[in-house]
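This report describes a few local features of one protein model. Look first at the sequence and the structure, then read on.

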Amino acid sequence: MGLVDVRRDDNIAVITIDNPPVNALNNAVRTGLIDALALARDRAGIRAVVLACAGRTFVAGADITEFGKPSKPPSTTDVVTALDAMPKPVVAALHGTALGGGLEVALGCHFRVAAPTTRLGLPEIKLGLIPGAGGTQRLPRLIGMAKALPMILSGDPIGAKPALEAGLVDAIVDGDVTAGAIAFARRLVANKTPLRRARDLDAKLADMRADRARFDELVAAHGKRSRGLHAPIAAIEALRAAIDLPIDQGLELERSKFIELKDGEQSKAQRHIFFAERAAAKIGGLPKDAKAREIKHAAVIGAGTMGGGIAMCFANAGIPVTIVEASKEALARGLDVIAKNYSTSVKRGSLSAADMERRNGLMQGSTDFASVADADIVIEAVFEEMEIKKRVFSALDLLAAKTTILASNTSYLDIDAIGAVTQRPSAVLGTHFFSPANVMRLLEIVRGKATAPEVLAATVALGRRLGKIPVVVGNRHGFVGNRMLGARSIEAERLLLEGALPHEVDGALVQFGFPMGPFAMADLAGLDVGWRNRKSQGLRAEIADALCEAGHYGQKTGKGFYRYEAGARTPLPDSDTESLIVAASRRLGLTRRSIDKKEIVERLIFPMINEGARILDEKIAQRPGDIDVIWVYGYGFPVWRGGPMFYADGLGLSYIRDRLSALSRESNDKRHEPAALLAKLAAAGEGFGSLEAKASA
Ligand code: 3H9
């Protein structure tokens with residue numbers, strides 16, 4: 001069988017796409033579909049057509065790997081047009097994930113039936129795109145704008161049941177979905193049901209046409225998180241066209257916007273992150289037969305902010321978890337915070353009361369370390385100090401079953417040193433969650449020198465079960481993310497000393513696309529963490545340390561780089577802190593000057609890129625894309641810039657090398673000298689991307 005097969009089931013033609021793993025609509029599939037549809041159309045005796053997919057899913061979209069290449073006909077639009085024009089009823093049989101171009105093909109069919117677990121969506125926006133084969137025009141015609149607009153602007157799929165209620169699918173069938181679709185098609189033939197083309201439907205748009213203000217209200221309600229992004233703006237324009245223009249003009253407008261976005265820098269960056277995220281799941285040096293053991297029960301040591309958040313991740317994924325704290329009071333406090341977090345979600349409507357009950361029921365508190373005995377993995381999330389970690393791991397080693405994985409949530413400490421206090425260093429590794437742990441997607445998994453392959457494989461598999469994006473990193477102070485953050489902090493502090501104020505530095509990075517700048521972020525995380533880290537390394541940060549010495553740890557004390565009104569989280573410029581900064585400049589004999597945004601951004605981002613190059617050279621990260629994934633999902637690097645290493649390639653490494661050399665000279669700081677790998681690539685006129693290309697060649 002080729003990628004598209006046609007068989008006959010009595011008077012029904014069954015067209016099956018078989019293009020594993022996700023039945024992406026590549027050129028061969030599109031060509032096969034055009035041919036198969038012509039065959040079914042012309043063959044006498046065929047009264048209806050079923051379009052189905054083999055394997056785990058219906059078409060999950062256009063083949064994204066083709067987007068960077070010249071397009072070859074027939075296009076997905078040609079396929080949808082051919083479906084639309086079929087004189088015989090066509091029924092789509094949906095299962096798995098009908099996404100993007102896949103859903104658009106289904107929208108070109110006259111009817112849709114779905115397996116109960118099907119997910120349907122138009123996720124193009126997550127790739128910096130809009131639907132390009134009619135999705136913005138047909139979906140609102142089929143289900144109304146109030147349901148279509150949020151689906152297209154969020155990119156989130158919906159389940160079969162809401163799809164049925166909305167009119168997106170015509171029936172949900174149990175058992176084999178292709179057989180169900182064939183039975184559905186037979187009924188259409190028997191009842192002589194007229195064809196129903198989404199393009200001809202109009203009734204569900206009548207309300208918006210009569211009252212245009214309702215469209216703007218919908219946009220206002222759903223179009224908030226579009227700062228800096230081009231795709232949401234284009235999506236809104238295309239959706240507006242569904243109300244304002246005849247369908248063919250709407251389709252044309254959609255198509256031209258799609259092509260513009262596809263060829264633009266933002267979508268390229270977002271597609272890079274899509275593939276980098278998937279590449280990060282592939283761990284180098286892992287034997288093929290490394291079997292991941294299943295985690296059935298977990299324990300978390302520490303019920304503080306991180307421990308509580310990590311425990312929530314387990315409960316959210318349906319895994320029973322025991323939270324262990326030293327004192328009854330601290331345990332009660334931690335459990336109380338968790339309960340409050342869940343009930344806030346229920347109040348907001350993002351969690352059902354039944355799910356809250358279920359999740360609370362999966363959590364158990366204990367003040368007895370021995371209760372880790374049942375756990376398949378124990379994650380330690382206690383105070384970030386080596387001696388304390390060592391004490392905890394020695395105790396865990398005695399109390400946990402011999403096969404239990406022992407993980408530390410340390411954000412920069414040496415995993416090998418922690419593992420060395422146990423009799424099982426091969427079962428020890430780092431699981432570095434990001435705060436808030438139940439929300440942030442990134443999970444840095446730190447591989448120690450003794451970590452066993454199956455321990456690593458089990459933890460990566462667990463990370464995915466928890467809904468995280470696991471990235472395996474090497475064991476070096478600060479791993480990947482925090483080490484690069486350290487490089488950024490050096491210059492952030494210097495910028496203050498040379499003349500910028502915290503809100504100016506933060507403002508420049510927010511304009512670049514970060515959700516917040518380094519100082520607002522430091523205040524949020526707590527300045528004491530970095531202070532302790534620096535002290536352990538004999539380092540000093542003039543201003544941050546002075547703030548800590550004065551007892552100002554950031555948001556938790558109401559004051560740090562900014563001040564905070566009681567109970568509020570908005571950073572407000574603080575005249576005391578500003579005086580402290582000006583005094584520090586004076587003390588160091590620096591003449592303050594005004595510093596423009598471009599200089600601020602370069603001095604913050606380029607040292608990070610430089611550190612990233614060192615990290616690659618030392619093989620602490622496996623690929624440049626891993627670093628990008630870490631920064632996008634853990635630190636808010638704007639996804640539409642593709643992460644620091646991708647961004648660097650876009651600017652050109654020779655420019656960055658020259659700016660770093662100048663920075664190193666001017667600041668007399670050798671840390672900013674261009675890293676060997678960066679200098680080598682720049683000299684060869686190459687980028688970090690060339691390393692990935694070579695690795696996969
Ligand atoms: C679009 O459709 C535009 C149209 O509107 C207009 C056209 C004109 N293409 O994620 P997984 C690969 S835009 C190429 O690990 P899961 C993926 O890289 C598209 N490859 O599996 C991986 O490869 P490898 C709109 C794709 O079960 C393998 O498949 N659609 C594509 O965790 C397995 O993927 C989307 O945005 C693709 N479209 O999740 C959907 N999709 O094994 C994108 C996947 O070599 N896809 N691959 O690393 C997804 O969201 C998830 O892959 C899915 C499965 C939920 C389907």
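A search of the whole structure, which is a predicted model, finds 14 aromatic pairs. In one of them, the rings of W531 and Y553 have their centres 6.2 Å apart and their planes at 50°. A pair counts as tilted when the angle is neither under 30 degrees nor over 60, so the pair of W531 and Y553 is tilted. W531 belongs to helix α22 (residues 527-536), while Y553 sits in the loop between α23 (542-549) and β18 (562-563), so this pair ties together parts that are 22 residues apart in sequence. W531 has a relative accessible area of 16% and is therefore buried, since buried means under 20%. Y553, at 25% relative accessibility, counts as partly exposed.

F606 and Y655 form another aromatic pair, and this one is edge-to-face. Their ring centres are 6.0 Å apart, with 90° between the planes. F606 lies in helix α25 (residues 597-617) and Y655 in helix α28 (residues 653-667), so the pair ties together parts that are 49 residues apart in sequence. F606 is buried, with a relative accessible area of 3%, whereas Y655 is partly exposed, at 31%.

Aromatic residues also form a cluster, made up of F434, F512, F514, W631, Y635, F637 and Y647. One member of this cluster, F512, leads to G228. G228 and F512 are 284 residues apart in sequence, yet 8.6 Å apart in space, C-alpha to C-alpha. Where is G228 in the chain? G228 lies in the loop between α9 (213-222) and α10 (231-244). At 42% relative accessibility, G228 counts as partly exposed. Not counting residues up to four places away in sequence, G228 touches Q266 and W640.

The next topic is the ligand. It is surrounded by 27 residues, and the closest are G101, E104, E124, R278 and K282. The residues of this shell divide into 14 nonpolar, six polar and seven charged. Four elements each supply at least two residues of the shell: β5 (97-99), α3 (101-108), α11 (247-262) and α12 (265-280). Of the elements, α12 gives the most, with three residues. The table lists polar contacts between the backbone and the ligand.

| Residue (backbone atom) | Ligand atom | Distance |
|---|---|---|
| I64 (N or O) | nitrogen | 2.9 Å |
| G101 (polar atom) | oxygen | 2.8 Å |
| G132 (N or O) | oxygen | 3.1 Å |

Taken alone, the ligand exposes 1000 Å², and the protein buries 73% of that.

The last residue is T118. Is T118 buried or exposed? T118 has a relative accessible area of 0%, so this residue is buried. T118 is found in the loop between β6 (111-114) and β7 (119-121). A polar atom of the T118 side chain lies 2.6 Å from the backbone oxygen of A115. Leaving aside neighbours within four places in sequence, T118 is in contact with L94, H95, G96, I158, G159 and A160.

Two of the residues described sit in loops and contrast in exposure: T118 is buried, while G228 is partly exposed.

Notes
Residues numbered from 1 in each chain as written. Predicted model: local features only at pLDDT ≥ 70, side-chain atom pairs only at ≥ 80, totals over all residues. Heavy atoms only, no water. Buried < 20%, exposed > 50% of the residue type's maximum accessible area, 1.4 Å probe, protein only. Polar contact = N/O pair within 3.5 Å; in protein donor to acceptor, adjacent residues only side chain to side chain. Contact = heavy atoms within 4.5 Å. Near = heavy atom within 4 Å. Areas by Shrake-Rupley, 256 points an atom, 1.4 Å probe, with all protein chains shown as cover. Nonpolar A, V, L, I, M, F, W, Y, C, P; charged D, E, K, R; others polar. Phe/Tyr/Trp six-rings, centres within 6.5 Å; stacked < 30°, edge-to-face > 60°.
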